[in-house]
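Look at the whole fold before turning to single residues. The paragraphs below go from the overall shape to a sheet, a ligand site and two helices.

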Amino acid sequence: MSAVLEMRQVSKTYGSGTAAVQALDAVDLAVRAGELVAVMGPSGSGKSTLLTIAGSLEEPSEGEVWIEGTALSELSRNKRARLRRRQIGYVFQDFNLLAGLTAVENITMPLELDGMKAKQARREGIRALEEVGLADRAGSFPDELSGGMRQRVAIARALVGDRRLLLADEPTGALDSDSGEGVMRLIRGACRNGAAAVLVTHDAQLAAWADRVVFVRDGRVIDAGPEPEGPESLLSSGRESGR
Ligand SMILES: Nc1ncnc2c1ncn2[C@@H]1O[C@H](COP(=O)(O)OP(=O)(O)OP(=O)(O)O)[C@@H](O)[C@H]1O
């Protein structure tokens, strides 16, 4: 299976009986290495649900999700948590940086949780900050950084350790358009380095950065855009050495 993310016949129902809400209805989606897919649709159509299920933050009611060929339903809770930490990077609108930790500590915490030695984690953290142009702010706390900088730290955290799948939910929501463009450039750069990315957005200008736009309505994918060409064309732009 060449897709980094594959969702097949994924449905999600919240609640039960008369209160049941079907947030997703038999969604199929595959995203390959190097590909950036934008997900658009009206409010309440299921975009965020799709993203949280893709990221194994929630379980589908039906259907299956594979990350790099591994079926999530076959993993224990612990193995799923490890896969989340190692393979998936999340960038959400509200940054989710921990206020009591510096920029670099925010980035290294998941690595250390995963057993990496503090020194190596710091090296990786600084490298991730270099990639987003913030190495000189490694020791700053979130409230000492601008909104755009905080979002760049969140992206560095999402990319550290060579994550394979990047999931972004309105990642530029609170930013001015220059900072927003910068964030998109970073996400695009991650794809050039071989990551697969899914971006939920209401903004057609941001969606224009994507290789493919998937439209969701009432929990269904109504237009998945043209399938990309063979994997060779995607991989030819693939992972640069040394990353
Ligand atoms: N935890 C939950 N419990 C109950 N219903 C939920 C839950 N999460 C989402 N829903 C419902 O599922 C549907 C899809 O929600 P979702 O947040 O995925 O839509 P969305 O397209 O991301 O919306 P928006 O663009 O407004 O963020 C909505 O009807 C929502 O009210």
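What follows is a walk through the structure, from the whole to its parts.

The model is predicted, not determined by experiment. The protein contains eight helices and ten strands. Its C-alpha atoms fill a box of roughly 50 × 35 × 35 Å along the principal axes. How does the radius of gyration compare with that of a compact globule? For 243 residues a compact globule would have a value near 18 Å, and the protein has 18 Å, so the two agree. Of the 243 residues, 39% are buried. Contacts can also be sorted by how far apart the partners are in sequence. Among contacts with a separation of 6 or more, 71% are between residues 24 or more positions apart.

Start with the sheet. Strands of a sheet pair through backbone hydrogen bonds, and the pairing is either parallel or antiparallel. Here four strands form an open sheet in the order S2-S1-S4-S5, with antiparallel pairing. S2 and S5 (70-71) are the edge strands, as each of them pairs on one side only. Strand S1 covers residues 3-14 and is joined to S2 by eight bridges. S1 is also joined to S4, residues 62-67, by five bridges. Met7 shows both pairings: its bridge partner in S2 is Leu29, and in S4 it stands opposite Val65. At the far side of S4, two bridges join S4 to S5. One pair here is Trp66 with its bridge partner Ala71 in S5.

S1 and S2 form a hairpin, with six residues between the two strands. Gly15 lies in the turn and has a positive phi of about 70°. Most residues other than glycine have a negative phi. Which residues in these strands have a positive phi although they are not glycine? Gln9 is one of them, with a phi of about 50°, and Ala26 is another, also with a phi of about 50°. Gln9 is found in S1, and Ala26 is found in S2. Gln9 is exposed because 12 other C-beta atoms lie within 10 Å of its own, and a residue with 12 or fewer counts as exposed. Ala26 has 14 other C-beta atoms within 10 Å, so Ala26 is partly exposed.

The hairpin leads to the ligand. The residues around the ligand include Tyr14, Gly15, Val21 and Ala23. Gly15 is thus named twice: it is in the hairpin turn and it is among the residues around the ligand. The list goes on with Gly41, Ser43, Gly44, Ser45, Gly46, Lys47, Ser48 and Thr49. Strand S2 (21-32) and helix H1 (47-54) each supply at least two residues of this shell. Which element gives the largest share of the shell? That element is H1, with three residues. By type, the shell divides into three nonpolar residues, eight polar and one charged.

Now move to a helix further along the chain. Helix H6 runs over residues 177-192 and has 16 residues. From its first C-alpha to its last, H6 reaches 22 Å, close to the 22 Å expected at 1.5 Å a residue. An α-helix has 3.6 residues a turn, so residues three or four places apart point the same way. With that in mind, look at which residues of H6 are buried. They are Gly182, Val183, Met184, Leu186, Ile187, Ala190 and Cys191. What do the buried residues of H6 pack against? Their partners are strand S3 (36-40), helix H5 (147-159), strand S7 (165-169), strand S8 (196-200) and helix H7 (204-207). After H6 comes Gly194, which has a positive phi near 105°.

The last stop is a single residue in another helix. Ala128 is found in helix H4, residues 118-131. Is Ala128 buried or exposed? Ala128 counts as buried because it has 27 C-beta neighbours inside 10 Å, where the cut-off is 20 or more. Leaving out residues up to four places away in sequence, Ala128 touches Ile107, Ala156, Leu159 and Val160. Ala128 can also be placed relative to Arg192: the two are 64 residues apart in sequence, and their C-alpha atoms are 15 Å apart in space.

Conventions:
Residues numbered from 1 in each chain as written. Predicted model: local features only at pLDDT ≥ 70, side-chain atom pairs only at ≥ 80, totals over all residues. Near = placed C-beta within 6 Å. Nonpolar A, V, L, I, M, F, W, Y, C, P; charged D, E, K, R; others polar. Pairing = 2+ DSSP bridges. Expected span 1.5 Å × (residues − 1). Contact = placed C-beta atoms within 7 Å. Rg over C-alpha atoms; globule rule 2.2 N^0.38 Å.
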